[in-house]
Amino acid sequence: TASICNRSCNTITVTSNTELICVTPALSQRQANETCNLTVTVDGTSDYTPFTYLTSLTPTMTSISPNRGGTGGGTTVTITGINFP
């Protein structure tokens, strides 16, 4: 198992015997920028490392244009915001 801030990862994918991918659970804005533990438990043995959710890395959408399109698809949509990956 794997958890961050005592909350289970949304999904866990084991890629090798030394690596896994954890999709992080959401946190509220008031909990952001606080360091907590990323804990991994295998066969009853746990280890942890510090992890910090950073609000500065959270994508924020500020506008979308156009704000509607036909049901046939094919409309090009421009999304504007900050911190997109």
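# Reasoning through an all-strand chain

User: Let's start with Val77. Where does Val77 lie?

Analyst: Val77 sits in the loop that runs between strand S7 (60-65) and strand S8 (78-82). Please keep in mind that this is a predicted model.

User: Thanks! Why does Val77 count as partly exposed?

Analyst: Its relative accessibility is 41%. Buried needs under 20% and exposed needs over 50%, with partly exposed in between, so at 41% Val77 falls into the middle class.

User: Which residues make the nonpolar surface patch?

Analyst: The patch consists of Met61, Ile64, Val77, Ile79 and Phe84, and has an area of about 460 Å². A patch residue must have over 30% relative accessible area, and Val77, at 41%, is one that fits.

User: How do you know that the protein chain is more spread out than a compact globule?

Analyst: First, the elements: the protein chain has zero helices and eight strands. Its radius of gyration is 18 Å, whereas the globule rule gives 12 Å for 85 residues. The 18 Å value is well over that, so the chain is more spread out than a compact globule. Along the principal axes, the C-alpha trace spans about 55 × 30 × 15 Å.

User: How much of the protein chain counts as buried?

Analyst: Of its 85 residues, 9% do, with under 20% relative accessible area as the cut-off.

User: Now the cysteines. What makes Cys5 and Cys36 a disulfide?

Analyst: The S to S distance is 1.7 Å, and the cut-off asks for sulfur atoms within 2.5 Å, so the pair of Cys5 and Cys36 qualifies. The torsion about their S-S bond is about -50°, so this disulfide is left-handed. Cys5 is in the loop between strand S1 (2-4) and strand S2 (7-8), while Cys36 belongs to strand S5 (residues 35-42), so the bond ties together parts that are 31 residues apart in sequence. With 16% relative accessibility, Cys36 is under the 20% limit and counts as buried.

User: And how do you know that Cys9 and Cys22 form a disulfide?

Analyst: By the same test: their sulfur atoms are 1.9 Å apart, within the 2.5 Å allowed. The S-S torsion of Cys9 and Cys22 is about -100°, which makes this disulfide left-handed. Cys9 lies in the loop between S2 and strand S3 (12-16) and Cys22 in strand S4 (residues 19-22), so parts 13 residues apart in sequence are tied together. Cys9 counts as buried at 9% relative accessibility, but Cys22, at 21%, is partly exposed. The buried limit is under 20%, so the value of 21% keeps Cys22 out of that class.

User: What is the pairing when the bonded cysteines are numbered in sequence order?

Analyst: The pairing is 1-4, 2-3, and the count of disulfides is two.

User: Why is the aromatic pair of Phe51 and Tyr53 given its class?

Analyst: Two values settle this. The ring centres of Phe51 and Tyr53 are 5.3 Å apart and their planes are at 85°. Pairing needs centres within 6.5 Å, and planes over 60 degrees apart count as edge-to-face, so this pair is edge-to-face. The count comes to one aromatic pair. As for exposure, Phe51 is partly exposed at 26%, whereas Tyr53 counts as buried at 13%.

User: What makes Asp43 count as exposed?

Analyst: Its 79% relative accessibility does, as the exposed class begins over 50%. Asp43 is in the loop between S5 and strand S6 (45-52). Its C-alpha atom is separated by 34 Å from that of Thr58, 15 residues away along the chain.

User: What is noteworthy about the backbone at Asn6 and Asn83?

Analyst: Most residues other than glycine have a negative phi. Asn6, which is not a glycine, has a positive phi of about 65°, and Asn83 also has a positive phi of about 65°. Asn6 lies in the loop between S1 and S2 and is exposed at 78%. Asn83 lies in the segment after S8 and is partly exposed at 36%.

User: How do you know whether the peptide bond from Ser65 to Pro66 is cis or trans?

Analyst: Omega tells us: with a value near -10°, the bond from Ser65 to Pro66 is cis. Most peptide bonds are trans. Pro66 is found in the loop between S7 and S8, the loop that also holds Val77.

Note on methods. Residues numbered from 1 in each chain as written. Predicted model: local features only at pLDDT ≥ 70, side-chain atom pairs only at ≥ 80, totals over all residues. Heavy atoms only, no water. Phe/Tyr/Trp six-rings, centres within 6.5 Å; stacked < 30°, edge-to-face > 60°. Buried < 20%, exposed > 50% of the residue type's maximum accessible area, 1.4 Å probe, protein only. Helix = DSSP H or I, 4+ residues; strand = E, 2+ residues; numbered from the N terminus. Patch = residues over 30% accessible without salt bridge, like charges linked within 9 Å, V, L, I, M, F, W, Y side chains within 5 Å. Areas by Shrake-Rupley, 256 points an atom, 1.4 Å probe, with all protein chains shown as cover. Salt bridge = Lys/Arg side-chain N within 4 Å of Asp/Glu carboxyl O. Rg over C-alpha atoms; globule rule 2.2 N^0.38 Å.
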